[in-house]
Amino acid sequence: MTQILRARRLLTERGWLDDHQISIDAGIITAIAPIPSGTTQRDAELLCPAYIDTHVHGGAGVDVMDEAPDTLDKLAMHKAREGVGSWLPTTVTAPIEQIHLALERIAQRCHSGGPGAQVLGSYLEGPYFTPQNKGAHPPELFRELDIHELDKLIALSQGTLRVVALAPEKPGAIQAIQHLKRQGVRVMLGHSAATWAQTSAAFDAGADGLVHCYNGMTGLHHREPGMVGAGLTDPRAWLELIADGHHVHPAAMKLCCCCAKDRIVLITDAMQAAGMPDGSYTLCGEKVEMRGGIVRTASGGLAGSTLSVDAAVRNMVEFAGISPEEAIHMASLHPARLLGVDQQLGSLQAGKRASIIALDGGLHVQRVWIQGQHLSL
């Protein structure tokens, strides 16, 4: 049976359409058309594509690395409440056996489905980093790149491993990037002390972008542009951005938009404290403290975020001065393009999955539909 949703404004890849409606059949958008004259009912102020969060460690008190069987279900519902229709559970640096188990659990959830936001696959963040910009990752567990080990990770994930993050200056990094790309895996660069030249060489080898741009990498300097400079100026590079106002200064967010507006992918990098009260939590097996919504390690470093995607979109409009449609694309169309799923997700278009959110004029999430099914938030 065809479902129809009507909005005062509806966002497509080409911009806003006033007083338009979406027809949905079997979870797929079948048509977008003007609302017939005389029809006064509206289901939403704004209808937009559901968000895609490609980099999520936890939230609602649980962590992707947790072994409890309902962990990913809890997280998927938590993400749906912030307008996320699909996401990548993201691992952390840990003993390799724990990473194997996490990839297997994510693969099972990816294939079986379940409540809330859809799991598109896994994102491996660590253990292939270097110590200088380790963030919250324990450097004693960092590993060298090994093609056979990477193949085992892909096999254990049953082909659902979507992204591998690594430091491009590690021995064998170029060969590892080329190998992963041949397997259809995206490669992001981060937690690294790489130079501009090393980062550029990784992009030449097929690397796709930067892990949470600015954080965990060599910064921009006028004589050594570093990883940030390479990412800002290379048109091939996608730039993950944590737009919470703590990880990246608003002026640096604006700079990112000036250089790479069409290449920004808004992420949360959220950890288990997201959506929870201040207090003690864990990340990478270490105790961390959240105060005022900001999570820090014992040494004072930032330890993931408590950001939600809908807040990131609002922050980009407020802090970086971009338009709402540009910010929404950064959380929907751009991540879909990064992952190569933009034929199915990322924008409102006939033939794509009906993953849709209703927003009010302040860009707050009102309602969510995933594959045409309305979620009770």
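Here are three short exercises with worked solutions on this predicted model.

Local features need pLDDT of at least 70 and side-chain atom pairs count only at pLDDT 80 or more, while totals for chains, interfaces and linings use all residues. Residues are numbered from 1 along each chain as its sequence is written, and side-chain values use heavy atoms, with hydrogens and water left out.

**Exercise 1.** Find which strands stand at the edges of the sheet S16-S17-S18.

*Solution.* Start with the order: S16, S17 and S18 form an open, antiparallel sheet. Strands are DSSP E runs of at least two residues, numbered from the N terminus, and two of them pair if DSSP finds at least two bridges between them. Next, look for single partners: S16 (279-283) and S18 (294-296) each have one partner strand, so one side of each lacks a neighbour in the sheet. Finally, check the S16 pairing: five bridges join S16 to S17 (residues 286-291), and serine 280 has glutamate 289 as its bridge partner.

**Exercise 2.** Classify the aromatic pair of the structure.

*Solution.* Ring centres must lie within 6.5 Å; planes under 30 degrees apart are stacked, over 60 edge-to-face, and the rest tilted. Phenylalanine 129 and phenylalanine 142 have centres 6.0 Å apart and planes at 90°, which is edge-to-face. Both residues are buried (under 20% relative accessible area, 1.4 Å probe, protein chains only).

**Exercise 3.** Work out how S10 pairs with S11.

*Solution.* S10 and S11 (residues 161-166) are parallel, with four bridges. One contact to check is glutamate 125, whose bridge partner in S11 is alanine 165.

Conventions: Buried means under 20% relative accessible area, exposed over 50%, partly exposed in between (1.4 Å probe, protein chains only).
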